[in-house]
Amino acid sequence: MSESVHTTENSVAGQDRPELRKAIQEIVDSGLTGVSLRVNDERGEWVGSAGVAELGGAAEPPVNGHVRIGSNTKTFTATLVLQLVAEGRVGLDTPAVDYLPEFDLDRRTTVRMLLQHTSGVFNFTGEFHEDGTVLAGIPSTISGQEWVDNRFKTYPPEELVRLALSKPARFEPGTGWSYSNTNYVLARLLAEKVTGRSCAEVTRERILEPLGLSDTVVPYTSPEIPEPHAHAYYRYEEAGVRKTVDITRHNPSWISAGGDMISTTQDLHTFISALAGGKLLPAALLAEMRTPHPESGFGLGLRVQDAGPDGGTTLLFHNGGAAGHAALMYSTPDGSKTLTAALNYVDDAAMSLAVAFQKAMERLVDEVFGSGRAGSADEMTEPAQPTD
């Protein structure tokens, strides 16, 4: 095993966590380019990295570098919407069309169904079915060269919603569960309609500034990512020739509120710890957020899971991947113990890293929280597809 794992000087003095160093090295050995990990628990804080920040380079990933956090964005958006619910400005079980009359939404679709993925609305980045078929949406990271060629294109969120609503629903509202990025674009548009301001402004005012999350960004259409950061890559075929391109810079409007935000492991730790600890939502709404759907374990912008076959510790978490970058965010219910991580890798349309990623994450979560799983199958294949 490589000895390239780096730990920071601001880790707890004298703290040696060989099991964590081994776990993140195993993630790199499984095929990912690099990983940085932050653990806060009863032993204090431990931060380390393994692998490389850039293909062909020797430097390790920055231990608190910026990363595109993918579907962890949904937890921020859900928190924002639930704050509006707490103020009486949004009804959790009110038809979403009452707030967004410009869209042809089924009146049975409530705000709660958007946040819990029970609306049945088509996923604009593509639908995966149990029989292996894929119904295409916009060019996304399952599209190969088509996504590469369009990666700086701007997709207005209204366009993404209208595309999704032009497709057949997966099921009638409230009768099933299916992960759809469209739900969270609708949730963001709803928050903007109710507040009369951009989601970036309202998120900054209500969540980022109160928590001091100065390294967290809602980029909308900007392709930039602040320094420092590891690089993200995409592998595809062009005219029969395999190519790998640096996609660290791309216009994230293709995923929009489904996963466009940028953050760091430090900010993600602060956020999930504050959320779990009741600093962002009233207790009743936090309980709603943490009530899992029986089919998926998905609450309202959070997954809820028992870590271990015998019950064990309950975990609140979300993971997400966005074109060669991924982020992990786990917490115990009181926010006292967290795991946050940033990963960089070579993405591709074939989702070739999905299995290796899932096994590595199970190993990492097991080391931090005890015997358990790192997430459900669709959650853990997120870094290789834009669906979750």
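**Exercise 1. A323 and the chain around it**

Work out whether A323 is buried or exposed, and find the loop in which A323 sits.

*Solution.*
Step 1. Start with accessibility: the relative accessible area of A323 is 2%, so A323 is buried (buried means under 20%, exposed over 50%, partly exposed in between, with a 1.4 Å probe and protein chains only).
Step 2. Keep in mind that this is a predicted model, where local features need pLDDT of at least 70, side-chain atom pairs count only at pLDDT 80 or more, and totals for chains, interfaces and linings use all residues. Residues are numbered from 1 along each chain as its sequence is written, and side-chain values use heavy atoms, without hydrogens and water.
Step 3. Now place the residue: A323 belongs to the loop between β11 (313–321) and β12 (325–331). Helices (H or I, at least four residues) and strands (E, at least two) are DSSP runs, numbered from the N terminus.
Step 4. Look at the backbone: phi of A323 is positive, about 60 degrees, although A323 is not a glycine.
Step 5. Zoom out to the chain, which has eleven helices and 14 strands. Buried residues account for 60% of its 388 residues.

**Exercise 2. The loop between α7 and β7**

Which residues does a cis peptide bond join, and what is the phi of Y220?

*Solution.*
Step 1. The cis peptide bond links E227 to P228, with omega about -10 degrees.
Step 2. P228 lies in the loop between α7 (199–211) and β7.
Step 3. Y220 is also found in the loop between α7 and β7. Its phi is near 55 degrees, a positive value in a residue other than glycine.
Step 4. Y220 counts as partly exposed because its relative accessibility is 26%.

**Exercise 3. Strand β2 and its partners**

Which strands pair with β2, and how many of its residues are buried?

*Solution.*
Step 1. Strand β2 (residues 34–41) is mostly covered, with eight of its eight residues buried.
Step 2. In a regular strand, side chains alternate between the two faces of the sheet. Here G34, S36, R38 and N40 point one way, while V35, L37, V39 and D41 point the other way.
Step 3. β2 pairs with β3 (residues 44–51) in the antiparallel sense over eight bridges (two strands pair if DSSP finds at least two bridges between them). D41 faces G44 of β3, and the two strands form a hairpin with two residues between them.
Step 4. β2 also pairs with β13 (residues 338–344), again antiparallel, over seven bridges. There, G34 stands opposite N344.

**Exercise 4. A three-stranded sheet**

Where are the edges of the sheet that contains β7?

*Solution.*
Step 1. The strand order is β8-β7-β14 in an open sheet with mixed pairing.
Step 2. The edge strands are β8 (241–246) and β14 (346–348), and each pairs on one side only.
Step 3. From one strand to the next, the twist averages 35 degrees.
Step 4. β7 (residues 233–238) and β8 run antiparallel and share six bridges. One pair to find is E237 with its bridge partner R242 in β8.

**Exercise 5. Helices α1 and α10**

Which way do α1 and α10 run relative to each other: roughly parallel or roughly antiparallel?

*Solution.*
Step 1. The axes of α1 (residues 18–29) and α10 (residues 354–369) are 9 Å apart, and the helices pack at an angle of about 170 degrees. The axes are lines fitted to C-alpha atoms over the stretch in contact, and angles run from 0 to 180 degrees between N-to-C directions.
Step 2. α1 and α10 are therefore roughly antiparallel (under 35 degrees counts as roughly parallel, over 145 as roughly antiparallel, 65 to 115 as roughly perpendicular and the rest as oblique).
Step 3. Among the residues that make the contact are L20, I24 and I27 of α1 and M361, L364 and V368 of α10 (contact means heavy atoms within 4.5 Å).

**Exercise 6. Three buried residues**

What are the relative accessibilities of N72, A276 and H293?

*Solution.*
Step 1. N72, in the loop between β4 (67–68) and α2 (73–86), is buried because its value is 0%. Leaving out residues up to four places away in sequence, N72 touches H318, N319, G320, A327, L328 and M329.
Step 2. A276 is part of helix α8 (residues 265–276) and counts as buried at 5%. Beyond four places in sequence, its contacts include L286, R290 and L316.
Step 3. H293, in the loop between α9 (283–289) and β10 (303–307), counts as buried at 15%. With the same four-place exclusion, H293 touches Q116, T118, G176, W177 and F298.
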